[in-house]
Amino acid sequence: MTKVGSAELSFLFLPSHLEDVNISYEAKQKLNGATTMFITYDPEDRFVRAIAEAEYDISTLSFNAFKIDSILSYTKESEYKRPVVTCDMDNDFPALYFRTGNTTGIYADGNCVVLEGVSENSFYVLRDRLLYQLAGIME
């Protein structure tokens with residue numbers, strides 16, 4: 001457990017294990033000073049379980065530690081009736097977009113901060129890397 005303000009954050013990885021996971025400058029700028037953010041992903045992504053766990057942790061911990069509200073959404077309509085948020089939408093708040101891709105990293109695309117992973121485990125890595133960034137533990 002790591003104490004941030006009055007909140008305690010739990011991590012799966014040490015910062016030294018995440019040094020190779022890049023967060024682009026543009027992504028950092030989108031997150032800087034955010035008080036609200038969307039968290040979005042494709043409800044049919046093949047790693048949906050790991051993404052949903054990372055989404056839950058980030059939304060809960062970012063509110064408790066950093067007072068950032070999260071609006072949970074999907075990138076397309078689903079039976080769960082969440083709002084649809086994509087990177088090409090002009091929203092008032094940045095969107096964290098979890099997606100499966102060819103690399104593991106965090107970068108900006110449109111209105112999104114994309115958390116792209118190649119495996120189920122990579123989404124837990126991305127969760128920790130983002131939380132360390134928000135806490136100011138890693139740059």
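**Group meeting talk: the sheet, the helices and the aromatic pairs**

Let me begin with two strands in the middle of today's story: strand β5, which covers residues 95–100, and strand β7 pair in the parallel sense, and six bridges hold that pairing. Please keep in mind throughout that what you see above is a predicted model. If you would like one contact to look for between these two strands, find threonine 100, whose bridge partner in β7 is glycine 117.

On to the other neighbour of β7. Strand β6, residues 105–109, is joined to β7 by five bridges, and here the two strands run antiparallel. Two of the contacts are worth finding by eye: tyrosine 107 has valine 114 as its bridge partner in β7, and alanine 108 has valine 113. Between β6 and β7 the chain makes a hairpin with two residues between the strands, and in that hairpin glycine 110 takes a positive phi near 60°.

Now we can step back to the whole sheet. In what order do the five strands of this open sheet stand? The order is β4-β3-β5-β7-β6, and the pairing is mixed. At the edges stand β4, residues 69–72, and β6, and because each of them has a single partner strand, one side of each is left without a neighbour in the sheet. On average, neighbouring strands of this sheet are turned by 25° against each other, if we ignore direction.

Let me return to β7, residues 112–117, and ask how many of its six residues are buried. The answer is six of six, so the strand is described as mostly covered, where buried means under 20% relative accessible area. In a regular strand the side chains alternate between the two faces of the sheet. For β7, both faces are covered: on one side we find Cys112, Val114 and Glu116, on the other Val113, Leu115 and Gly117, and all of these are buried.

Next, the helices. The axes of α2 and α3 are 9 Å apart, and the two helices pack at an angle of about 15°. With that angle, α2 counts as roughly parallel to α3. The crossing in which α2 passes α3 is right-handed.

That brings me to the aromatic rings. A pair of aromatic rings is described by the distance of the centres and the angle of the planes. Searching the whole structure gives six aromatic pairs. One of them joins phenylalanine 11 and tyrosine 132, and because their ring centres are 3.9 Å apart and their planes stand at 10°, this pair is stacked. Phenylalanine 11 sits in the loop between β2 and α1, while tyrosine 132 belongs to helix α3, residues 120–135, so the pair ties together parts that are 121 residues apart in sequence. Are these two residues buried or exposed? Phenylalanine 11 counts as buried at 16% relative accessibility, and tyrosine 132 is buried too, with a relative accessible area of 4%.

Phenylalanine 47 and phenylalanine 123 make a tilted pair, with 6.2 Å from centre to centre and 45° between the planes. This pair, too, links distant parts of the chain, since phenylalanine 47 lies in the loop between β3 and α2 and phenylalanine 123 in helix α3, 76 residues apart. Both phenylalanine 47 and phenylalanine 123 are buried. There is also one aromatic cluster, formed by Tyr41, Tyr74 and Tyr80.

Tyr74 leads us to charges that sit over rings. The charged end of arginine 82 is placed over the ring of tyrosine 74, at 4.6 Å from its centre. In a second case, lysine 67 lies over the face of phenylalanine 63, 5.4 Å from the ring centre. Lysine 67 belongs to the loop between α2 and β4, and although it is not a glycine, it has a positive phi of about 60°.

Another lysine, lysine 81, also has a positive phi, near 60°. Lysine 81 is found in the loop between β4 and β5, and at 67% relative accessibility it counts as exposed. For contrast, look at phenylalanine 66 in helix α2, which is buried with a relative accessible area of 19%. From phenylalanine 66 to asparagine 32 there are 34 residues in sequence and 11 Å in space, taken from C-alpha to C-alpha.

Definitions and conventions
Residues are numbered from 1 along each chain as its sequence is written. This is a predicted model: local features need pLDDT of at least 70, side-chain atom pairs count only at pLDDT 80 or more; totals for chains, interfaces and linings use all residues. Side-chain values use heavy atoms; hydrogens and water are left out. Buried means under 20% relative accessible area, exposed over 50%, partly exposed in between (1.4 Å probe, protein chains only). Helices (H or I, at least four residues) and strands (E, at least two) are DSSP runs, numbered from the N terminus. Two strands pair if DSSP finds at least two bridges between them. Rings of Phe, Tyr and Trp (its six-membered ring) pair if their centres lie within 6.5 Å; planes under 30 degrees apart count as stacked, over 60 as edge-to-face and the rest as tilted. A charge sits over a ring if NZ of Lys or CZ of Arg is within 6 Å of the ring centre and within 35 degrees of the ring normal. Axes are lines fitted to C-alpha atoms, for helices over the stretch in contact, and angles run from 0 to 180 degrees between N-to-C directions. Angles under 35 degrees count as roughly parallel, over 145 as roughly antiparallel, 65 to 115 as roughly perpendicular and the rest as oblique. A crossing is left-handed if the near helix is turned anticlockwise from the far one by less than a right angle, and right-handed if clockwise.
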